[in-house]
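Here is a short round of questions on labels and the values behind them. Please look at the model first.

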Amino acid sequence: MVRLMTEKRFPAAFKCYHNFHKINSVSSDSLHFKMVIHVHSDSAFRRYQEEMRHNPGLWPLYRGFFVDVNLFKNKKGIAGESSQEINYGSDTNAKDGLANEDANLMIKLKFLTYKIRTFLIRNGLPVLFKQGEAAYKAYYLRQMKIWNTSAAKQRELSRMLDDWAVYIRETYGHEQLSSFSYLSEAEPFLEQYAKRSPKTQALIGSAGSLMRDLAIIEGSRGKERDIIPSSPTPMVKEVIRKDEGLIVFFPGIPGCAKSALCKEIMSAPGVLGDDRPVHHLMGDLFQGKYWGMVAEECCKEPYSVILADKNAPNRGVWRQIEDMCRRTKASAIPVVPDSEGTESNPFSLDALAVFMFRVLHRANHPRNLDKSSPHAGYVLLKFYDLYHGKNRNEFEAELIERFGSLVKMPLLEPSRAPLPECVRSTLQKGLDLYGRLKPTQDTYSEWPEWETQLRESLLQNVEYLNSIQVPFESSVESVLKQLKAIAKGEHTTPSAKQRSFGTIAYAAVNLPISAFLDLLDSLGGQDPKVEGFLKDKDLRSSLTKAHLTLAHKRSHGVTAVANYGPYVNQNVPISMHALLFSEKSAALEAEPGVVDGEKLSSKNEWPHVTLWTADGVSAKEANVLPRLLAEGKATRVEIDPPITITGVLEFF
C-alpha cells in the first residue's frame with residue numbers, strides 16, 4: 001500500500017512517531033513506532049479502488065488510520081524480509097502444517113480499528129440521541145451489512161456498541177455528545193472494554209490517549225500537522241488489583257448453591273490473598289432494587305470484595321455490573337455452575353434436575369422457594385428459560401469477553417449414568433408446558449398436576465440425584481482455588497473458542513437436533529420402510545448432536561481444516577437429499593450450500609450427517625453406507641424436494 005501510493009503520488013502522508021505505549025518493550029534490537037496514514041483528497045480513494053481491481057490483495061484504504069510498526073532483529077541478528085503479518089488468533093505449530101512462514105519478519109504491521117470510532121460511534125451519535133437505542137442498532141447493523149461484515153464479527157461489535165449506547169446515554173441523558181469531542185468519552189470506554197479479554201483487545205485495537213490523536217487528523221481538514229505523542233501509559237497486568245474493588249456474581253439458577261458457597265467464602269479469611277473486607281449481600285434478604293444497592297455498596301467501600309448473592313441471568317444485569325465496574329474501577333468475576341448444556345441452553349437437563357431436587361429439599365427459605373412452595377418447579381423453569389438461546393460455548397464466551405475471566409463451580413460427576421427417563425420426560429413436559437402457557441401465564445392453575453409429577457419423579461430417584469453431584473466440599477475448594485489464581489493472574493479460563501490449530505481435529509457444520517427429528521417424523525409418515533426402521537429406535541433420547549464434517553486433520557491435513565477459518569461462526573445452509581440406513585447405522589446424504597457468495601464443499605468422499613449407530617458401532621461406520629447400498633445391504637430413501645437445514649460452521 002505504502003509503496004503503491006508513494007510511487008503513484010497519491011495525495012496522502014505517511015508519518016511515523018515513537019510509540020510510547022510500547023516504551024517498556026523498546027531495546028536496541030526492537031523499536032516501536034506508530035505510523036499515521038492520512039489521505040488528503042477523495043480522489044485518492046477513487047484511484048486506489050481502481051488499483052484494487054487489478055490487485056485484490058491490497059489492504060483497504062480509509063481517510064485516516066494508524067499502523068503499529070515494530071522493527072526488530074531475529075535471533076541471528078539478520079533482518080528478515082518485510083511482509084504483512086497474518087494473525088489467525090491462535091498459536092500455530094509447524095509440524096501441523098500451519099506455521100507462519102514469515103516467523104522472523106523484521107517489520108510487523110497491524111491495523112488499528114478506525115472504522116469503529118468514525119462510522120459506528122461518531123456518525124451514529126445523532127441517531128442514538130434523537131431516535132434511541134433501537135434505531136441506533138438498526139443503523140450500525142445496516143452499516144456492517146454494507147461492509148459485508150461476517151456474522152461472528154457482527155455479534156462481537158453489537159455487544160460492544162450496545163454497551164456503548166447504554167453507557168453514553170446514562171452519562172449524557174438526552175443532551176447529545178458533540179461529534180468534535182466524542183473521543184474524550186469514547187476512548188475511556190473503549191479502553192476499559194478492551195481490557196476484558198484478549199478477544200476484546202483485538203476487536204478494539206489501541207485505545208486511550210494516543211487514539212485521540214486521530215481527532216487532530218479529523219480536524220485538520222487536509223492540512224498536515226505534527227502530532228505530539230501523549231505520556232506513556234502504564235502496562236496493564238491481567239491480575240485483580242488489590243487497591244480496587246471486586247464483585248463476585250452468579251449467573252445461575254435457584255438451587256445452584258450460591259448462598260452456601262458465599263457462606264464458605266466468608267468463613268475462609270484472606271480468600272484472595274489480601275486483607276480487603278468481604279461483604280455478603282444476600283439478595284433474598286433485600287427488598288427493592290438489589291443491583292442498585294450493590295452499586296451503592298461499591299461506592300461506599302470501593303476497595304471491598306462484594307459477594308453478590310443473587311442470580312444474574314441476563315445481559316441487563318451484566319451491563320449493570322459492568323457499569324458499576326466502570327464507575328468504581330472495580331473488577332467482576334462471574335461464578336457459574338459447570339454443565340455441558342444443550343444446543344440452546346447453557347444448562348443441561350441433568351443440571352436442572354439437580355437444581356430442582358435441591359430446592360424441593362430445602363426449608364424455611366427467605367422467599368419461600370422451597371419444598372413448601374406449590375409452584376417451585378414452575379419458578380425454576382422460568383429461570384431456566386431466561387438462558388434460552390445460547391449454548392454453553394456462547395454463554396461462557398460472552399461472560400469471558402465481558403469480564404475477562406470465569407470461575408466454574410463443579411456440579412455433576414463426569415462419569416455419571418444417564419438421567420432416568422421418568423425425570424427427563426417430566427422436565428421436558430414442563431418445558432413444553434411453560435413454552436405453551438408463557439405468553440398468558442398469570443396464575444398457576446394449570447400446573448398442579450405437573451408439579452406433583454415432578455416431585456414424584458425426583459423422589460423416586462433420590463439415590464441417583466445424590467450420586468451424580470460433585471461433593472460440595474470439593475466444589476468449594478475448586479472455586480476458592482480459581483478465585484485465588486485469577487487474583488494472582490495465574491488462571492486462564494479454558495474456552496472452546498480460544499484454541500490453537502494444533503488442538504483442532506476437524507471443521508464441521510453444527511446442526512440443530514430438532515430439525516432432524518422433525519424431518520425423520522415426516523419421512524416416517526411418508527415411507528413404511530423408514531417407519532419400520534425408526535420404530536424401535538428412540539432417537540429423541542439418543543440423538544444428542546449432529547454435524548456435517550467438512551475436513552478432518554487426520555484424513556485431509558491441517559491446511560484443509562484451516563481453509564475453513566474465514567467461515568467459522570457463520571451460518572451454512574445444508575441440503576439433505578436422501579436417508580440411507582442399514583442394520584448398524586443411519587445417515588443423511590448432505591450437501592453444503594453458499595456462504596458469502598462462495599460455494600462450500602466437504603472433503604469427505606460422501607458428505608453426510610450421521611443420525612444413529614447400533615451399540616458398539618462407531619460413527620465413522622456410516623461412511624460405508626454407499627458401499628453397503630451397492631451390495632444390497634442398505635436402503636436409500638430419496639428426499640424430494642431436498643430439505644435445507646442451516647447450521648453454524650465450527651472447529652472441533
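Q: Why are α11 and α12 called roughly parallel to each other?
A: The axes of α11 (residues 290–300) and α12 (residues 315–328) cross at roughly 15° and come within 10 Å. Axes are lines fitted to C-alpha atoms, for helices over the stretch in contact, with angles from 0 to 180 degrees between N-to-C directions. Angles under 35 degrees count as roughly parallel, so α11 and α12 are roughly parallel. Helices here are DSSP runs (H or I, at least four residues), and strands likewise (E, at least two), numbered from the N terminus.

Q: What should be known about the model and its numbering?
A: This is a predicted model: local features need pLDDT of at least 70, side-chain atom pairs count only at pLDDT 80 or more, and totals for chains, interfaces and linings use all residues. Residues are numbered from 1 along each chain as its sequence is written, and side-chain values use heavy atoms, leaving out hydrogens and water.

Q: Which residues make the contact of α11 with α12?
A: Contact means heavy atoms within 4.5 Å. From α11 come W291, V294, A295, C298 and C299; from α12 come V317, Q320, I321, M324 and T328.

Q: How do you know that β6 pairs with β7?
A: Pairing takes at least two DSSP bridges between two strands. Five bridges join β6 to β7 (residues 305–311), and the two run parallel. One bridge partner in β7 is A308, for L281.

Q: What makes β6 and β9 edge strands?
A: The open sheet has the order β6-β7-β5-β8-β9. β6 (278–282) and β9 (407–409) each have a single partner strand, so one side of each lacks a neighbour in the sheet.

How values were computed. Parallel < 35°, antiparallel > 145°, perpendicular 65-115°, else oblique.
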